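Q: I am new to this structure and would like a close look at a single part. How much space lies in the largest pocket, and which residues are the closest to its centre?

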Amino acid sequence: MKKLVSFHSSVRALKFVKLCVIVSLPICLNDSEILDARTIASDYELKPISLPGANGVIVLDHLAYDRLRRKLWVPASNSGKVDVIDESTDAASQISGFETGEVDLEGHKVRLGPTAVSVGEDVVYIGNRGDSTLSIIDSRTLERGESLQMTPASPETGGAPHGVVYVAMMRELWVTTGPGKSIEVFDASEPRHLKWKLRISLDGSTEGFAVDNESGQFYTNIDDMGKTLAIDVRSHKVVSKWEVGSSDLQGLALDTKRGFLFVACEDHVVSLDVRHGGKVIDSVTTGAGLDDIDFSAEQKVLYAAASVTATLTIAEVSDDGKFQVKALVPTAKEARGVIAAKGKTAYLIDPAEGRILKLTHK
């Protein structure tokens, strides 16, 4: 989880702050650059979707979009609930009963519960950082199934779940741990009954993830070392390490068809050609405060939400991996983390207001 003022170090871990002032234009991205106001989008709109029962700050982190059922899964961490938003109606169903607990994040005590979600085979996996568990939910009925304990002291696990990623190619669930320095791999060949399989030990804690189920590569950042890793999903071995010129690495997104990996840094996104040695192709300035980014294969565009400048950058990615800013959409302070849905729809988290922002094209 990650940054702002006296609360800054805590926000680095939590990725939210109660500041709700919309920036005015022009938008200053750094001391030397101002985005041309002509790039400000007038043909996009953001619709706020309040989470049921939200009253104040809701800790939001990793979302998941079920493309088959066109539903957005939202772990509302400190509330102990997971909300499921229907894309067609914007109505939210709620799954309750998740435990919460006080978690020490970089010296700050924070109450956390479910923080990450991944869509599997007719099930959804929920990682709970508050009590170190994995829960299995029926993606159709929303009924709760088994829950698996990931006790940090256990010889089979290395910490509480941070990121949860279903690797369809191997029928495995990969769980990045925080603050553990490992990825725990679970056998998901029986989707409703997970079994611990092995641990991938790493040099530091992870931030961000992306998986290519065609080439068999899993990508993650070693945040405090400024490195991006490629892990072979068959051998479970690190096969490549790249440096993109930043020590503050956030989310990852992937263009599986053309082989481009997008790495979010503090205030920009870098494009890597992972099919040709991880060569750095291009960079696009977005403004500070990035978190999870996403790529729409349908639209060939990258979405990157900057929480400090309160803007969403929509950049088209050409066949040579170069960025061209298509639109800059004003959002809200601390609106960070974005996930692409079908067509020209995307969703952003707005933890300070306890809501989701739905982006649509007019």
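A: The answer starts with the whole chain, turns to the pocket, and then follows some residues in the strands and loops.

This is a predicted model, in which local features need pLDDT of at least 70 and side-chain atom pairs count only at pLDDT 80 or more, while totals for chains, interfaces and linings use all residues. Residues are numbered from 1 along each chain as its sequence is written, and side-chain values use heavy atoms, with hydrogens and water left out.

The protein chain has 362 residues, and 57% of them are buried (under 20% relative accessible area; exposed is over 50% and partly exposed in between, with a 1.4 Å probe and protein chains only). Its secondary structure consists of 30 strands and one helix (DSSP runs numbered from the N terminus: E, at least two residues, for strands; H or I, at least four, for helices). The mean pLDDT, the predictor's confidence in each residue from 0 to 100, is 87 for the chain, and 86% of the residues reach 70 or more. In residues 15–38 the pLDDT is below 50, and in the model this stretch has 57 contacts beyond near neighbours in sequence (heavy atoms within 4.5 Å). Residues 153–158 also have a pLDDT below 50, with 16 contacts beyond near neighbours in sequence. Where pLDDT is low, the predicted coordinates should not be read in detail.

Now to the pocket. The largest pocket holds about 1,200 Å³ of space. A pocket is an open set of points on a 1 Å grid over the protein atoms alone, with protein on both sides within 12 Å along at least five of seven lines; a cavity is a set where a 1.4 Å probe fits but cannot get out; lining residues have an atom within 4 Å of a point. Points are joined across faces, edges and corners, and the volume is the space filled by probe spheres set on them.

The lining of the largest pocket is made of 38 residues, and Y65, R67, V211, D294 and I339 are the closest to the centre. By class, 23 of the lining residues are nonpolar, eight are charged and seven are polar (nonpolar: Ala, Val, Leu, Ile, Met, Phe, Trp, Tyr, Cys, Pro; charged: Asp, Glu, Lys, Arg; polar: the others, Gly among them). Several strands take part in this lining. At least two residues each come from β2 (64–66), β8 (114–119), β12 (160–167), β16 (206–212), β20 (252–255), β24 (294–296) and β28 (336–340). The largest share, five residues, is that of β16.

Y166 can be followed from strand β12. It counts as buried because its relative accessible area is 9%. Leaving out residues up to four places away in sequence, Y166 touches S118, V119, G120, E121, Y125, R171, E172, L173, A188 and V211. The last of these, V211, is also one of the residues closest to the centre of the largest pocket. Between Y166 and V124 there are 9.1 Å from C-alpha to C-alpha, and 42 residues in sequence.

Other strands can be read in a similar way. V84 sits in strand β4 (residues 81–86) and is buried at a relative accessible area of 3%. Apart from residues up to four places away in sequence, V84 has contacts with K71, L72, W73, A91, A92, S93, I95 and L142. A64 is 20 residues from V84 in sequence, and the C-alpha atoms of the two are 9.8 Å apart. V329 belongs to strand β27 (residues 323–330) and is buried at 4% relative accessibility. A310 is 19 residues from V329 in sequence, with 8.6 Å between their C-alpha atoms. R199, in strand β15 (residues 195–201), is partly exposed at 33%. From R199 to V175, 24 residues apart along the chain, the C-alpha separation is 9.6 Å.

Two loop residues have a positive phi without being glycine. K300 lies in the loop between β24 and β25 (301–306), and its phi is near 55 degrees. It is partly exposed, at a relative accessible area of 36%. E334 lies in the loop between β27 and β28, with phi near 70 degrees, and is buried at 0% relative accessibility.

The model also has a closed space to set beside the pocket. The largest cavity contains about 30 Å³. Its lining consists of Y44, Q299, V301, Y303, I314, K326 and K344, of which four are nonpolar, two charged and one polar.
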